[in-house]
Amino acid sequence: MRPGLYGPGRFLYWNAMAQPKSNPAKLNALQLRTLTLLQAIAQIPGASAATPEGDIAITQFPHAHGDHFHLGDAMVSASDATGLENQNVWNALARKGLIRCEWPHKIALTPEGLAYYTGIADQILRADSHH
């Protein structure tokens, strides 16, 4: 048998290797959207603060106007944010080690939660067209 024209391993793509595994914690759609929004809020100056434990506490939630709200330069549909006020979502994310919380008063992203690749940020964080 002759070796192939290109030899072994020639069909690996850098992009395929660089992408983290999508959703290793098996979060459902609502949990993924909520974690994505928490990650975005954590990047907004004045909306979060580091804790002594190394987490990022969310100190300010965005206020909706109409059917959407703004996160920095992005616009988010209010329907994508229902998990921000859902105790079951907070509890599920806490069980998976992605947040620490005391419903409904405190929520903080753990380093694992901050680094978790949800793969949907581009779907729910849309370019803000009316600022």
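This passage describes the fold, the confidence and the core of one protein chain.

The model is predicted. Its chain averages a pLDDT of 86, and 83% of the residues score at least 70. Confidence varies along the chain. Among the elements, helix α3 (residues 87-95) has the highest mean pLDDT, 98, and helix α1 (residues 14-18) has the lowest, 50. Over residues 1-16 the pLDDT is below 50. Beyond near neighbours in sequence, this stretch has two contacts in the model. Where pLDDT is low, the predicted coordinates should not be read in detail.

The chain holds five helices and seven strands. Read from the N terminus, the order of the elements is α-α-β-β-β-β-α-β-β-α-α-β. Many contacts link distant parts of the sequence. Of the contacts with a separation of 6 or more, 58% join residues 24 or more positions apart. Buried residues make up 34% of the 131 residues. The accessible surface comes to about 8,700 Å², and carbon and sulfur atoms account for 55% of this surface.

Helix α2 (29-42) has 14 residues. At 1.5 Å a residue, α2 should span 20 Å; its end C-alpha atoms are 20 Å apart, so the two values agree. Is this helix mostly covered or mostly open? It is mostly covered, with 11 of its 14 residues buried. Among them are the polar-named positions Gln-31, Thr-34, Thr-36 and Gln-39. Leu-32, Leu-35, Leu-37, Leu-38 and Ile-41 are also buried, as are Ala-40 and Ala-42.The largest nonpolar core has 26 residues. Leu-27, Leu-35, Leu-37, Leu-38, Leu-71, Leu-93 and Ile-99 touch the most other members. Several elements build this core: α2, β2 (56-58), β3 (68-71), α3 and β6 each supply at least two residues. The largest share, seven residues, comes from α2.

Strand β5 (residues 99-102) pairs with strand β6 (residues 106-109) in the antiparallel sense, over four bridges. A hairpin of three residues joins β5 to β6. Arg-100 stands opposite Ala-108 in β6. In a regular strand the side chains alternate between the two faces of the sheet.

Which residues does Ile-99 touch, not counting residues up to four places away in sequence? Its partners are Leu-38, Trp-90, Leu-93, Ala-94, Ile-107, Ala-108, Leu-109 and Thr-110. Of these, Leu-38 and Leu-93 are, like Ile-99, among the core residues that touch the most other members.

Technical notes:
Residues are numbered from 1 along each chain as its sequence is written. This is a predicted model: local features need pLDDT of at least 70, side-chain atom pairs count only at pLDDT 80 or more; totals for chains, interfaces and linings use all residues. Side-chain values use heavy atoms; hydrogens and water are left out. pLDDT is the predictor's confidence in each residue, from 0 to 100. Contact means heavy atoms within 4.5 Å. Two strands pair if DSSP finds at least two bridges between them. Buried means under 20% relative accessible area, exposed over 50%, partly exposed in between (1.4 Å probe, protein chains only). Accessible areas come from the Shrake-Rupley method with a 1.4 Å probe; for residues, only the protein chains shown count as cover. A nonpolar core is a set of buried Ala, Val, Leu, Ile, Met, Phe, Trp, Tyr and Cys residues joined through side-chain atoms within 4.5 Å. The expected span of a helix is 1.5 Å times one less than its number of residues.
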